[in-house]
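Colleague: Could you walk me through this model, then zoom in on a single part of it? Keep it relaxed, but give me the cut-offs.

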Amino acid sequence: MYQPMARVARHKHQVQEQIYHVLEGERLDGDCRQESRRAQHDFIFLPPGVEHAISNSGLVDLVFLVITSPVTDDSPA
């Protein structure tokens, strides 16, 4: 859950992929190639290597699930 004005700076994962599922709220900027406004029940898929940021510029809490695989971002041995 991110409160209004909360954010995570741009970053990328080397091997992890992520899926975001927005449960409540209306703002989550995913893929940094384009700014995107997301609403309740939207999904975002972020493959490895894609730069992204997350922010809540709305007026209510942004509640979302993050599904990440693999668990760590370490390169496979």
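How much accessible surface does the protein have, and what percentage of it belongs to carbon and sulfur atoms? After that, please take a close look at His-21.

Modeller: Quick caveats: this is a predicted model, where local features need pLDDT of at least 70 and side-chain atom pairs count only at pLDDT 80 or more, while totals for chains, interfaces and linings use all residues. Numbering starts from 1 along each chain as its sequence is written, and side-chain values use heavy atoms, leaving out hydrogens and water.

On your question, the accessible surface is about 5100 Å², and 53% of that belongs to carbon and sulfur atoms (Shrake-Rupley method, 1.4 Å probe; for residues, only the protein chains shown count as cover). Of the 77 residues, 31% count as buried, meaning under 20% relative accessible area (exposed is over 50%, partly exposed in between; 1.4 Å probe, protein chains only).

The fold has 5 strands and 0 helices, so the elements read β-β-β-β-β from the N terminus (DSSP runs numbered from that end: E, at least two residues, for strands; H or I, at least four, for helices). Counting contacts between residues at least 6 apart in sequence, 70% join residues at least 24 apart; a contact is heavy atoms within 4.5 Å.

Now for His-21: this residue belongs to strand 2, residues 17-24, and counts as buried because its relative accessibility is 16%. Leaving aside residues up to four places away in sequence, His-21 touches His-41, Asp-42 and Phe-43, as well as Val-63, Phe-64 and Leu-65.
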